[in-house]
Amino acid sequence: MKKQLSVIIPVHNEVESLDICYKRVTDVLKNIDLSYEILFIDDGSTDGSDLLLRKFALEDEQIMVIFLSRNFGKEAALSAGIDHVSGDYTIILDADLQDPPELIPQMLKVQKEKSVDVVLMRRKHRVGESYFKKQTAKWFYKILNRLSSFDIPEDIGDFRLMNKKAIDAMRKLPERNRYTKGLFAWIGMEIYILEYKRDSRVAGVAKQNYLKLFELAFEGISSFSIQPLRFSIYFGVLTAFLGFIFGFYIIFKTLFFGENVPGYPSLVAVITFLGGVQLIGIGILGEYIGKTYIETKTRPIYLVKEFVSKKAHNE
């Protein structure tokens, strides 16, 4: 019996690229020596992507579409795909085709030759991305790895191949606040890294703006490290020490040299600075408390509205 390959493709408002995505992926998979399934995860699309995905599923028996009840976010959509794949190998691919599906045969070949659990795809070139975005991504990974207790490979996104052992390990992770790139690294496993050129989007516009990317970056840091809490302690101790030195200086100056005019501007500056430090510390603490609060609710990561496939429709 042939081994099976599963391909997970999360989708949110990608109607302009779906036809091209479907054709390129199926053209590749038809020429490999494996049976295959493609799982499209519709994450609450509102642009007609859901209608097109339904059409694919009812015409092609290798396609299954999982419709989530609303937009839960890409991390939840990936979790839904991981929970429902049945293949011996699984590949994660974005619908915008920035990660070329034509590399799938090479990924399978490397996995077979190296006998690894995970084949990671490192972006050697990023077509269509600004210098600022490339640099901030580089800085983020350096900061994250400095703070984290384990290494998260740089310039590696969701595009990867995992065997069944790695998928089963991912299914054991129950947390609701999910930064999947970190979770993929946390499970360990034997890996091999391939470098490739990341293309620009085939259609549409990027869904992630800089604010969302910043939120995702902070999510990654706070999900895998408590160092920000420790830094707030260190910064507080340093500030208190500087305040003590400054106070001692004022007393010394007043006793021996006198003080003609009280320093109102400097007093306001110090109070403002200390207030800012306190608010930052409270904000960092609140972020971790908020994560704990969400986890204690034990709500599901996602809810499925409907499964659609040709086989299920015929039954």
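Here are five short exercises, with worked solutions, on a predicted model of a protein chain.

**Exercise 1: Get your bearings**

Task: Find how many helices and strands the protein chain has, and what share of its residues is buried.

Solution: Start with the secondary structure, which comes to 11 helices and 8 strands. Next, burial: of the 315 residues in the chain, 41% are buried. Finally, take the contacts with a separation of 6 or more; 86% of them are between residues 24 or more positions apart.

**Exercise 2: Follow the rings**

Task: Work out which aromatic residues ring pairs link into a cluster with Phe-56, and classify the geometry of its pairs with Tyr-22 and Phe-40.

Solution:
- Step 1. Searching the whole structure turns up 3 aromatic pairs. One of them joins Tyr-22 and Phe-56, with ring centres 4.4 Å apart and 10° between the planes. Planes under 30 degrees apart count as stacked, so that is the label here.
- Step 2. Check where those two rings sit. Tyr-22 belongs to helix 1 (residues 15–29) and Phe-56 to helix 2 (residues 49–59), so this pair links distant parts of the chain, 34 residues apart.
- Step 3. Look at accessibility. Tyr-22 has a relative accessible area of 21%, which makes it partly exposed, while Phe-56 is buried at 3%.
- Step 4. Now take Phe-40 with Phe-56: 6.2 Å centre to centre and 40° between the planes, a tilted pair. Phe-40 comes from strand 2 (residues 35–42), 16 residues away from Phe-56 in helix 2. Both of these Phe residues are buried.
- Step 5. Put it together: ring pairs link Tyr-22, Phe-40 and Phe-56 into a cluster.

**Exercise 3: A loop residue and its surroundings**

Task: Decide whether Asp-43 is buried or exposed, and list what it touches beyond its sequence neighbours.

Solution:
- Step 1. Place Asp-43: it lies in the loop between strand 2 and helix 2.
- Step 2. Its relative accessible area is 3%, so Asp-43 is buried despite the loop position.
- Step 3. Leaving out residues up to four places away in sequence, Asp-43 touches Val-11, His-12, Leu-68, Arg-70, Asn-71, Phe-72, Gly-73, Lys-74 and Ala-77.
- Step 4. Pick Arg-70 from that list. It is 27 residues from Asp-43 along the chain, yet their C-alpha atoms are separated by 6.3 Å.
- Step 5. Arg-70 also lies over the face of Phe-72, at 4.0 Å from the ring centre, and Phe-72 is itself one of the residues Asp-43 touches.

**Exercise 4: Two helices crossing**

Task: Describe how helix 3 and helix 6 are oriented to each other, and say which residues make the contact.

Solution:
- Step 1. Two packed helices are described by the angle and the distance between their axes.
- Step 2. For helix 3 (residues 74–84) and helix 6 (residues 164–171), the axes come within 9 Å and cross at roughly 125°.
- Step 3. That angle makes the two helices oblique to each other, and their crossing is left-handed.
- Step 4. On the helix 3 side, Ile-82, Asp-83 and His-84 make the contact; helix 6 supplies Ile-167, Met-170 and Arg-171.

**Exercise 5: Inside a strand**

Task: Where is Thr-90 found, and which residues does it touch?

Solution: First, locate Thr-90 in strand 4 (residues 89–92). With a relative accessible area of 1%, Thr-90 is buried. Not counting residues up to four places away in sequence, Thr-90 touches Leu-5, Ser-6, Ile-8, Val-85, Arg-160, Leu-161, Met-162 and Ile-167. You've met Ile-167 already, on the helix 6 side of the contact with helix 3.

Note on methods
Residues numbered from 1 in each chain as written. Predicted model: local features only at pLDDT ≥ 70, side-chain atom pairs only at ≥ 80, totals over all residues. Heavy atoms only, no water. Phe/Tyr/Trp six-rings, centres within 6.5 Å; stacked < 30°, edge-to-face > 60°. Helix = DSSP H or I, 4+ residues; strand = E, 2+ residues; numbered from the N terminus. Buried < 20%, exposed > 50% of the residue type's maximum accessible area, 1.4 Å probe, protein only. Lys NZ or Arg CZ within 6 Å of the ring centre and 35° of its normal. Axes fitted to C-alpha atoms, helices over the stretch in contact; angles between N-to-C directions. Parallel < 35°, antiparallel > 145°, perpendicular 65-115°, else oblique. Left-handed = near helix turned anticlockwise from the far one by under 90°. Contact = heavy atoms within 4.5 Å.
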